[in-house]
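Hi everyone, thanks for making the time today. Let me put the structure up on the screen, and then we can walk through it together.

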There are 2 protein chains.
Amino acid sequence: MLLTDRQLLILQVIVDDFIRSAQPVGSRSLSKKEEISFSSATIRNEMSDLEDLGFIEKTHTSSGRVPSEKGYRYYVDHLLSPQVLNQQDVSIIQSIFAEKIFEFEKIIQRSAKILSDLTNYTSIVLGPAVSINKLKRIQIIPLNKETAVAIFVTDTGHVENRTFSIPASVDAGDLEKTVNILNDRLAGVPLDDLNDKIYKEVAMLLRQHIHNYDLMLHTIADSLKMPIHEKLFFGGKTNMLSQPEFHDISKIRSLLMMIDQEEWIYNLIRKNSAGIHVKIGRENNNRAMENCSLITATYSVGQEKLGTIAILGPTRMEYSRVISLLQFLSKDLTDVLTKLYQNN
Amino acid sequence: MLLTDRQLLILQVIVDDFIRSAQPVGSRSLSKKEEISFSSATIRNEMSDLEDLGFIEKTHTSSGRVPSEKGYRYYVDHLLSPQVLNQQDVSIIQSIFAEKIFEFEKIIQRSAKILSDLTNYTSIVLGPAVSINKLKRIQIIPLNKETAVAIFVTDTGHVENRTFSIPASVDAGDLEKTVNILNDRLAGVPLDDLNDKIYKEVAMLLRQHIHNYDLMLHTIADSLKMPIHEKLFFGGKTNMLSQPEFHDISKIRSLLMMIDQEEWIYNLIRKNSAGIHVKIGRENNNRAMENCSLITATYSVGQEKLGTIAILGPTRMEYSRVISLLQFLSKDLTDVLTKLYQNN
DNA sequence: GTTAGCACTCCTTGTTGCCGAGTGCTAATT
DNA sequence: AATTAGCACTCGGCAACAAGGAGTGCTAAC
């Protein structure tokens, strides 16, 4: 199972070539490469072995070879030559941060756009986890007799709002008192923990000050119940249409449908721990992604993981380049965010 | 140029048949239809005339006929038999309004989903025009020494927020005074007119009360400058992939790219006046939509047009059904919204 | 005015044959 | 023992061709 140096070389050249050309690569064309100094017959023997070991495949009996998923996996794990980004790519990525930034979402959106433009694949960016942000302030603004909107501002400037109906028994004074209590008790609490805290600490206080406190309590707790989903941003959703492996409409269809079905992507991307992760083909456990690879990286504030950036491309994707790009952007995002939010 | 009854009949049957089958229709298959009592030779003569008049076309010399854009146009304008929705469709549409509704966006989103499911085309819904909503309340919440977030709540419960940097010369007291002045002067003003009003009325007041008022003024006015874009919602973006006329990847590609390029759609849809509008093929003035038709309807609160719902399908689309669906949903949306917001 | 009949056109489908790129195997070479 | 040259074989892709079918336009008869 240990590959010889020559086998490694051949595997690497096959993968590189196939990534470039999307054509099965044959022994003769390999033998002409600079890196390779032995004859096509030798290569044929080696390729036959590599095929037995499962690293490459034939598309039909007398065709050239194509990397298998196992082949890509080995390539990614052992053969990848870390590529240095060229100056142009670097400056394009840095242009994301050129303007003054208040709305973090804008940065995220721009990142998605630029990633997809740079790679010609589909980019996916998972927005910053709102739920770990800390509450800065709650406001309740009555719209009319029956409804009001509750506004939650986090220390990062993110704003969530929920409309709810005001319990009949509650009057304007009650509302104001409630808001004061909430702000008093909940400022600095991560959004995730609000619900908990409301029942544990705020409930008591409300009871002391508000007539009919429990309806109010539940109304507010309910507003907070809906999970605050991180937003997903996409770039170049249609880029996959240009990839030769997706000449087949039904493949495209299932892939695009899956992308539009954000839930799937969300789960696929969210759980990743820090660092670069490469999922190849069926490793993604999804029919629609059989011919796709997904590379993800995370960005953080300080030590705290905030969100994810990812590239979805064909298995035949430029792993080396994409990894470099993601690494670079992820670091930049982290730096900027850390500077921006660290010491609030 | 006036068509005989028989020509009208033939045109109608051709369009109907082609919409159903997507196959060019020939004289013989026409002659077999129930509605038609004359021979294929007669039909051939009539079809030849209809072709000369530009209502139908051949795909090649000896093929059956296919409606031209002019043919569709005539069909839509004169031959459409208004279709009554079946009970199932009706109840599916009404299910949109089943739950209690606070967030209007949810309704809009659900509408888009259901429209596309029902038709198997792509649905586009333009969210309610925020800019005509009236300001209910402004809040400014400082995040730290340098930045604050301004929150604008409309009488419909919509919340807009902008982060800005606090001018160095402004202190907490100034901020509070500013907010009070703003709320005092701007409550009830449509968001569209805020900027105007700020310079005309608020500026003076600010000058009287706030040190260094003009920086504050510009900061706030700037936040409001970015146009408040109505949001676009889509349903069934990938539905077009199942249409036989889009077997060609490059067509799909340009169409999907145009859809993702929301600006285009926005302009296409926004300007429509009330009522149903049908744009066929090149009437949309867009290469990517050459084989598409766009049917739009508007929804309102009372007399005031709020937004648009639309279906994008192949020119060979079920005009009658789609028009009925849009009419029905548009009326329902209007009713619900009017009831909800009319007398605030 | 309508229709039956017929020649003609063009798309579609299937067949065939051929070329080129590639393989696997064997035997010769290093 | 490893490498290579040589050769027979396989398969996809392409072009050429034929047959069949759906449709048309035209003419002449009804």
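How far apart do the C-alpha centres of domain 1 of chain A and domain 3 of chain A lie? They lie 63 Å apart. Please keep in mind that this is a predicted model.

Let me give you the bounds for that chain. Domain 1 of chain A covers 5–79, and domain 3 covers 135–225. Domain 2 is written in two segments, 87–129 and 230–341.

Now, on to the DNA. There are 20 residues around DNA strand D, and the ones that come nearest are A:T42, A:T61, A:S62, B:S27 and B:M47. As for the strand's own side of this, sugar and phosphate make up 75% of the atoms of DNA strand D that come within 4 Å of the protein.

Some individual contacts are worth a look on the screen. B:S27, one of those nearest residues, has a polar side-chain atom 2.6 Å from a phosphate oxygen of DNA strand D. With A:S39 the backbone takes part: one of its polar backbone atoms is 3.1 Å from a phosphate oxygen of the strand. A:R44, on the other hand, reaches a base: a polar side-chain atom of this arginine lies 3.1 Å from a base oxygen of DNA strand D.

Which elements supply that surface, with at least two residues each? They are α3 of chain A, residues 40–53, and α3 of chain B, residues 40–52. The largest share comes from α3(A), with 4 residues. By class, the surface near DNA strand D has 12 polar, 5 charged and 3 nonpolar residues.

Let's turn to the empty space inside. The structure has 5 cavities of 30 Å³ or more, and the largest of them holds about 80 Å³ of space. Which residues line the largest cavity? From chain A we have K237, T238, L256 and D260, and from chain B we have K237, T238, L256, I259 and D260. The elements giving two or more residues to this lining are α10 of chain A and α10 of chain B, both spanning 249–260. The most comes from α10(B), with 3 residues. In terms of class, the lining divides into 4 charged, 3 nonpolar and 2 polar residues.

So, two places to look at on your own screens: the surface near DNA strand D, where α3(A) gives the largest share, and the largest cavity, lined by residues of chains A and B. Thanks for listening, and I'm happy to take questions.

Note on methods. Residues numbered from 1 in each chain as written. Chains lettered and ligands numbered in written order. Predicted model: local features only at pLDDT ≥ 70, side-chain atom pairs only at ≥ 80, totals over all residues. Heavy atoms only, no water. 1 Å grid on protein atoms, 1.4 Å probe; cavity = no way out; pocket = protein on both sides within 12 Å on 5 of 7 lines; lining within 4 Å. Points joined across faces, edges and corners; volume = space filled by probe spheres on them. Nonpolar A, V, L, I, M, F, W, Y, C, P; charged D, E, K, R; others polar. Domains from an automatic or database assignment. Near = heavy atom within 4 Å. Polar contact = N/O pair within 3.5 Å; in protein donor to acceptor, adjacent residues only side chain to side chain.
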